[in-house]
Amino acid sequence: MDILEEIAIGVEKGDSNSVHALTEKALTQNISVGEILNNGLVAGMDVIGEKFKNNEVFIPEVLISAKAMKAGMELIKPLLAKANVESKGKVVIGTVKGDLHDIGKRIVAMLLEGAGFEVTDLGVDVSKEKFLEFVEKERADILGMSALLTTTMTYMKEVIEAVENANLKQDVRVIIGGAPITHSYAEEIKADGYAPDAASAIDLVKDLLKK
Amino acid sequence: MKDKYRLNIPRLNILSREKLELIHLSTLEVLRRTGVAVKEPKAVEIFKKGGCYIEGERVRIPENLVEWALRNTPPRITLSDRNGNPAMFLEENNVYFGTGSDTPNIVDLYTGERRITVLKDVENVSKVVDYLDEMSFLMCSGIASDVNSKISDIYHFEAMVNYSEKPIVFTAWDLENLKTIVEMAEVVAGGKERLKNSPFIALYTEPISPLQLAEEATQKLMLMAEKYLPVVFTPCLITGATGPVTIAGGLIQGNAEILAGYVLANLINEGTPFIYGGGIIAMDMATSIACYASSEFMLASAAFTDMARYYRLPMFSFAGCSDSSLYDQQASLEGALRILLSSLSGGNLVHDVGYIDSGLTTSFEQIIVSNEVIGMVRRITQGFEINEETMALDLIDKIGPGGEYLTSEHTLKHFKENWYSELISRVPYEKWEEEGKKDLGIKANEKARHILENHTPKPLEEKLKAELRKIVKSRDK
Ligand code: B12
C-alpha cells in the first residue's frame, strides 16, 4: 500500500498517532505537501464525510477522524504556503452576541475543519466588531454565524449590515444557522446561505466557494 | 389539595442507597477538584466569603459547605395560585404537570400549519392550561414574535397572569426584565411580603454545561435568593457534547452544576426555595438533535428524581414532550412514556407538556392529549384500596358461581372509581364511523378549539390589570 493511502486510512480510522507518524515519514520521502494534503489527509476525510452523509458513521467518529487529520495538518501547515498550495478556504465562525449556545456551532466548525477548511472559532457571545476584526485579519472567505434564540437572531442582520458598511460583502460569504433559523430568514437578512445541520453546512460552504 | 397528586403506589426507585451515596460523593469530588467557572464577580465574592477556594473565576467548593447547604433544604415549597391560595405542595411524591416555554413555533390550531409564535398564542395556551384539570401550572409555551423582542418575556408574563389563575413558571431574558416581572408579580400578589409568603411564581434559570455559571443566569438566581422567591435551577446537559456521554457521568456533572447554584443561593439566603432538577439529554449522533424523549433522557430523569428525593429538594422534571416534527403517533407515545415515568418516579414540577419538534414547536393537540394521558396515569398511581369493602368476599359468596355483578349495589357504588376519558376511543367500529371517523388528533384539536371559544378565565381585577399594563408600557421603549 502506498503511504498516502495509509495516511488516508489512518484518518478514516481516527488514528492520530499513526497519521502523525506517517505524515512525518511521507515528508522525509520527499512527497509533496500538496499530495499529502489532498491524496492523504483530505482523501481520508472525504471517505468519512461520505459515510456520515449515508448514516454509516456518527458525529463522534467523524470528529475523531478530523482530529487525526489535524495531527497531520499540523506538520504540513507551515510548508503549505511555501509550496504554493492554497487552502480550501478560510472560515470565521461564532455564536452571536447575547447568545451562549455553543455546541451546534462547534460541531459545524470542527466538521468544516475536517473537510479541509481553515477555521477560526470565535466562541459564543461574539460582537459584530469582533466578527469584522477577524474577517479582515484572517481574510476569511466565509463568515459563519450561529444563533439559537429569537432574541439574538436579529443580531445577525446587524452583522451583515456591518459587513456591507465595511465594504467586505464581496470578499466574504455570510452563512447562518441555529435551531430557529430558516431559509426565508436567511434571505430576508441577505445572508448568502443557510444550512439546517452540520452535514449540509459542509456542502453549503463547498458550494459557495466553487462559485 | 386533592389526593390525586400524591403517588399512592411504591415510587419507582432506580438508584439504591449505595448508588445515591456514590453519586453524591462523586459530585462533591467534582465540586472540590474541578469546581465551576463563575462569570459573575459578585457571586465569586460570595463563594469566597463562604470559604471556597478561588482562582480567578474558578470556584472550588469544599465538601462541608455543600453539606451545610443541604441541611437547609426547605421541607416543603408551596406554590400558590394567582389569588394566593395554595395550589401545589412541591415535596415528596406529589406530582404536578405544566407546559414548557419559549418555542419559536406553534402549530396553528385552525390551519394545521407550523408557523412562528405570536403573543395571542401565549394567551391561548394560558387559557387552555387554565381550563385543563391535569395542568397544574403554566409556562408560556411560545415566544411572542410580534412584540418588542427585548422584553417579550415581560409580555409573556402579562399574558399568562391575565389568562390563567394557575401558578406560573417563567423565563426572563436578563436581570432588568426579571426585576420588572417580579414587580408585576408583587402587584398581583398585593405586595412584596405577600408574594414572598405565598408565591405564585417560580423563575426558570440554569447553569451552562460544562460547569459554568453564566453572568446573567447567576444574577437572576441571586435576585431570587435575595428576595427569597422560588427558583428552578436546571442544567440542560447534552451527554457526549457538554457532558460525559454516559448517564452516570452526565448525572454527576449536572448535579455538581445544580449544587453550585444551590450553595450560592444558600450563602445569600439560607433555605431559599430552590427547585432541583434538569435535563441530561442524549444527542442523536447522526442528526445532532438534542432529544427530548430518548430512553436515556427518561432514565436520567428518573435517576435525577431519586437524587432530588435523597436531598429532599423538589424535582423539576420533563413530560409530554416529543422529538416528532408534528403532532402524530410518535408525539403521543413519547409524551405518554415520559408522563408515566415521571409520575412513577415522583417528579414534582413536571414541565414541557406540549413540546414537539425537540422544543422548537408547541402543539395544542399534544397538550390536550397529554392531559388525557395524565388522567389515565393518575388513575394508576392512585393505586387501589384493599379492605373488607373492596375485597367484597360476602358479595362473591352471595353472587356465587354463574351469577352477575351488574345489578349489585356494590357495582353501583364503586364503578365511578374507574377512570373515564373524554377523548380516548372505546366505541364499536361502526359507531366510530358514524361519528365521523375521528382520530385522537382531530378530537384533541376540536377540544382545544372548544376551550378557546368557550372558556373565559377569571379575569384579573381591572385595577391590577391596568397597573400591569402601565409597567409593561414603561419598559417598552
Ligand atoms: C442545550 C440548550 C441550552 C444550553 C446551551 C449550552 C451550551 N453550552 O451550548 C443552555 C442551558 C445554556 C441554554 C440556555 C438558554 N436557552 Co437553550 N436550548 C438548548 C437546547 C435544548 C439544545 C440546543 C443544542 O445544543 N442542540 C444541539 C446542537 C448540535 O444543535 P444546534 O445548536 O441546533 O446546531 C445544529 C444546527 O442548528 C446547525 N447550526 C448551528 N449553528 C450553525 C451555524 C452555521 C453557520 C450553520 C450553517 C449551521 C449551524 O448545525 C448544528 C449541528 O448540526 C435547545 C432546544 C433545541 N431544540 O434547539 C434550547 C433552546 C435553543 N434554548 C432556548 C432558550 C429560550 C434558552 C434560554 C433563553 C432560557 C432561559 N431563559 O434561561 C437560555 C439562553 C442563554 C443564552 N444567553 O444564550 C429556546 C430558544 C427559543 C428561541 N427561539 O428563542 C430553545 C429552543 C428551547 C426552548 N424551547 O425553550 N440552552
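1. Let's start with a pair of strands in chain A. β3(A) and β4(A) run alongside each other in the parallel sense, and five bridges link them. If you want one pairing to look up, take Leu143(A): its bridge partner in β4(A) is Val174(A). β4(A) is largely enclosed by the rest of the structure, because four of its five residues are buried. Keep in mind as you read that this is a predicted model.

2. Now the ligand. Which chains surround it? Residues from chains A and B both do, so the site is shared between the chains. There are 47 residues around the ligand, and those that come nearest are Leu100(A), His101(A), Thr150(A), Ser288(B) and Ser358(B). Sorted by class, the shell holds 26 nonpolar, 15 polar and six charged residues.

3. It helps to ask which helices and strands build that shell. At least two residues each come from α5 (103-114), β3 (142-146), β4 (173-177) and α9 (198-210) of chain A, and also from β14 (236-239) of chain B. So the two paired strands from my opening point turn up again here: β3(A) and β4(A) are both on this list. The largest share, four residues, is supplied by α5(A).

4. Some backbone atoms get within polar-contact distance of the ligand's oxygen atoms, and both chains offer examples. In chain A, a backbone N or O atom of Asp102(A) sits 2.8 Å from a ligand oxygen. Gly178(A) has a polar backbone atom 3.4 Å from an oxygen of the ligand. Over in chain B, a backbone N or O atom of Ser101(B) is 3.0 Å from a ligand oxygen.

5. Let's look at α5(A) by itself. How far apart are its end C-alpha atoms? They are 16 Å apart, which agrees with the 16 Å that its 12 residues should span at 1.5 Å a residue. The expected figure is 1.5 Å times one less than the number of residues, so don't multiply by the full count. Its buried residues are Ile103(A), Lys105(A), Ile107(A), Val108(A), Ala109(A), Leu111(A), Leu112(A) and Gly114(A). As a reminder, an α-helix has 3.6 residues a turn, so residues three or four places apart point the same way. After α5(A) comes Gly116(A), with a positive phi near 105°.

6. You can repeat the length check on α6 of chain B (residues 175-189). At 1.5 Å a residue its 15 residues should span 21 Å, and the end C-alpha atoms are indeed 21 Å apart. Is this helix largely enclosed or largely open? It is largely enclosed by the rest of the structure, since 12 of the 15 residues of α6(B) are buried. Among them are Leu175(B), Asn177(B), Ile181(B), Met184(B) and Glu186(B).

7. Chain B also has a small puzzle in strand order. Four strands make an open sheet, β8-β7-β20-β19, with mixed pairing. The edges are β8 (114-116) and β19 (355-356), each of which pairs on one side only. Further in, β7 (residues 105-107) and β20 (residues 361-362) pair in the parallel sense over two bridges. Asn105(B), for instance, has Thr361(B) as its bridge partner in β20(B).

8. A few backbone angles deserve a second look. Most residues other than glycine have a negative phi, and most peptide bonds are trans. Ser358(B) has a positive phi of about 50° without being a glycine. Ser358(B) lies in the loop between β19 and β20 of chain B, and at 14% relative accessibility it counts as buried. You have met this residue before: Ser358(B) is one of those that come nearest the ligand. Glu92(B) is another non-glycine with positive phi, near 30°. Its loop runs between β5 (86-90) and β6 of chain B, and at 47% relative accessibility Glu92(B) counts as partly exposed. As for peptide bonds, the one joining Ser209(B) and Pro210(B) is cis, with omega about -5°. Pro210(B) is in the loop between β11 (201-205) and β12 (212-213) of chain B.

9. Last, some wider views of chain B. Its domain assignment gives domain 1 (70-381) and domain 2 (388-417), and the C-alpha centres of these domains are 45 Å apart. Phe97(B) belongs to strand β6 (residues 96-99). Phe97(B) is buried, at 0% relative accessible area. Its C-alpha atom is 41 Å from that of Gly56(B), which is 41 residues away along the chain.

Methods: Residues are numbered from 1 along each chain as its sequence is written. Chains are lettered from A and ligands numbered from 1 in the order in which they are written. This is a predicted model: local features need pLDDT of at least 70, side-chain atom pairs count only at pLDDT 80 or more; totals for chains, interfaces and linings use all residues. Side-chain values use heavy atoms; hydrogens and water are left out. Two strands pair if DSSP finds at least two bridges between them. A residue is near a molecule or strand if one of its heavy atoms lies within 4 Å of it. A polar contact is a pair of N or O atoms within 3.5 Å; within protein, one must be able to donate a hydrogen and the other to accept it, and residues adjacent in sequence count only if both atoms are side-chain atoms. Ala, Val, Leu, Ile, Met, Phe, Trp, Tyr, Cys and Pro count as nonpolar, Asp, Glu, Lys and Arg as charged, and the others, Gly among them, as polar. Buried means under 20% relative accessible area, exposed over 50%, partly exposed in between (1.4 Å probe, protein chains only). Domain bounds come from an automatic or database domain assignment.
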